[in-house]
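Hi everyone, thanks for coming. I'd like to walk you through a structure that's new to most of you, so let's get it up on the screen.

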Amino acid sequence: MKIGILSDIHVDINYSRGDRVTPALIGEVAARELDVLILPGDISSDYTLSASVIHTLRRETGIPCLFVPGNHDIWTEKHPSLDSWTIYRRLEEIEGNLASGPVTLSDRWAVVGDLGWYDFAFGDPKFSKEDFEAMAYGGREWQDHLYARWNRPTLEMHRYFLDKLSTWLDSLKGKNIILVTHVIPVEKFTVGSDHSQAQMWKYFNAFLGSPSYGHLAEAHPSVKVSLSGHVHYRKQFRRKGVLYICNCLGYSTEWDGTENPYEEIPKALITLDTDLLERS
Ligand SMILES: [Fe+2]
């Protein structure tokens, strides 16, 4: 089974002369003859647009399009009268949303996922919990502070997602599992000292995810792959039996030498072959 993986497609931010990201992705899915597409979040910053993109992808590719919401997808910026819970629940009604429950791909493979949240653990410990709760540093504000309106403490949100994923993993026996979160599960995917604004990221890494999701994956031998997005990297490595993949399309301003989705998406989309995984 061939699974396409691409996170953070941000069709609204990447909108230039129309949405060319969605049709470029549909074309690449067809060219590769994929069986399933998995999007680990940040389809757009407007849940109604995200829902319509998923619908179009499913209709035009004819294959299951599985996704988890990203932090942008649950933002209230475009819907100020709603809170993020309302948006999250409305997205649960969209076919393919892993937040509604695990999806069986075959007699041997299943996919489990949800947004996940952060617990500040990837931030530099020189900052306090109160520093991180302020979500602002060096004159910059983390935008979840404005638009991710859960009306619950940050650490409680992280616990909510971790408990939900943990319960699902415990309930699934006898299948290989692909675990999907929008947030990153391992420190290796945080922004490192080679970044031009590394000092600032010592603070903002706090909002990228939690090592608890990696520990959760590694505590379940059935989890063979962990997919994430959020940080706009394209990286992968293997640790303790888990293949960690963070694979983002990201913003066109971050692409190398092109602003054309028809050039960038073939480079960015990863194909995961479950037959090859079972042999590795
Ligand atoms: Fe993103």
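Let's start with Tyr118, which counts as buried because its relative accessibility is just 1%. Keep in mind as I go that this is a predicted model. Phe207 is buried too, at 0% relative accessibility.

So what do those two rings do? If you search the whole structure, you find 28 aromatic pairs. In the pair of Tyr118 and Phe207, the ring centres are 5.5 Å apart and the planes sit at 75°, so we call it edge-to-face; the cut-off for that is over 60 degrees. This pair links distant parts of the chain, 89 residues apart. Tyr118 is in the loop between β5 (109–114) and α4 (129–134), while Phe207 is in the loop between α7 and α8 (211–218).

Now, Phe207 also pairs with Phe120. Here the centres are 6.0 Å apart with the planes at 85°, so this pair is edge-to-face as well. Phe120 lies in the loop between β5 and α4, so its pairing with Phe207 ties together parts that are 87 residues apart in sequence. And is Phe120 buried or exposed? It's buried, with a relative accessible area of 6%.

Okay, on to the pockets. The largest pocket has a volume of about 640 Å³. There are 24 residues lining it, and the closest to its centre are Trp142, Trp201, His230, Val231 and Glu254. Which element gives the largest share of that lining? That's α7, with three residues. β7 (140–141) and α7 (198–204) each supply at least two lining residues. Sorted by class, the lining has ten nonpolar, seven polar and seven charged residues.

The second largest pocket holds about 190 Å³ of space. Our friend Tyr118 turns up again here: it's one of the lining residues, and others include Trp117, Trp150, Arg149 and Arg152. α5 (144–147) and α6 (154–171) each bring at least two residues to this lining. By class, you get six nonpolar, two polar and four charged residues.

One last stop, back with the aromatic rings, but this time with lysines on top. Lys188 lies over the face of Phe237, 4.6 Å from the ring centre. Then there's Lys235, whose charged end sits over the ring of Tyr233, at 4.1 Å from its centre.

That's the tour. If you take one residue home, make it Phe207: buried, and paired edge-to-face with Tyr118 and with Phe120. Thanks, and I'm happy to go back to any of these spots on the screen.

How values were computed
Residues numbered from 1 in each chain as written. Predicted model: local features only at pLDDT ≥ 70, side-chain atom pairs only at ≥ 80, totals over all residues. Heavy atoms only, no water. 1 Å grid on protein atoms, 1.4 Å probe; cavity = no way out; pocket = protein on both sides within 12 Å on 5 of 7 lines; lining within 4 Å. Points joined across faces, edges and corners; volume = space filled by probe spheres on them. Helix = DSSP H or I, 4+ residues; strand = E, 2+ residues; numbered from the N terminus. Nonpolar A, V, L, I, M, F, W, Y, C, P; charged D, E, K, R; others polar. Phe/Tyr/Trp six-rings, centres within 6.5 Å; stacked < 30°, edge-to-face > 60°. Buried < 20%, exposed > 50% of the residue type's maximum accessible area, 1.4 Å probe, protein only. Lys NZ or Arg CZ within 6 Å of the ring centre and 35° of its normal.
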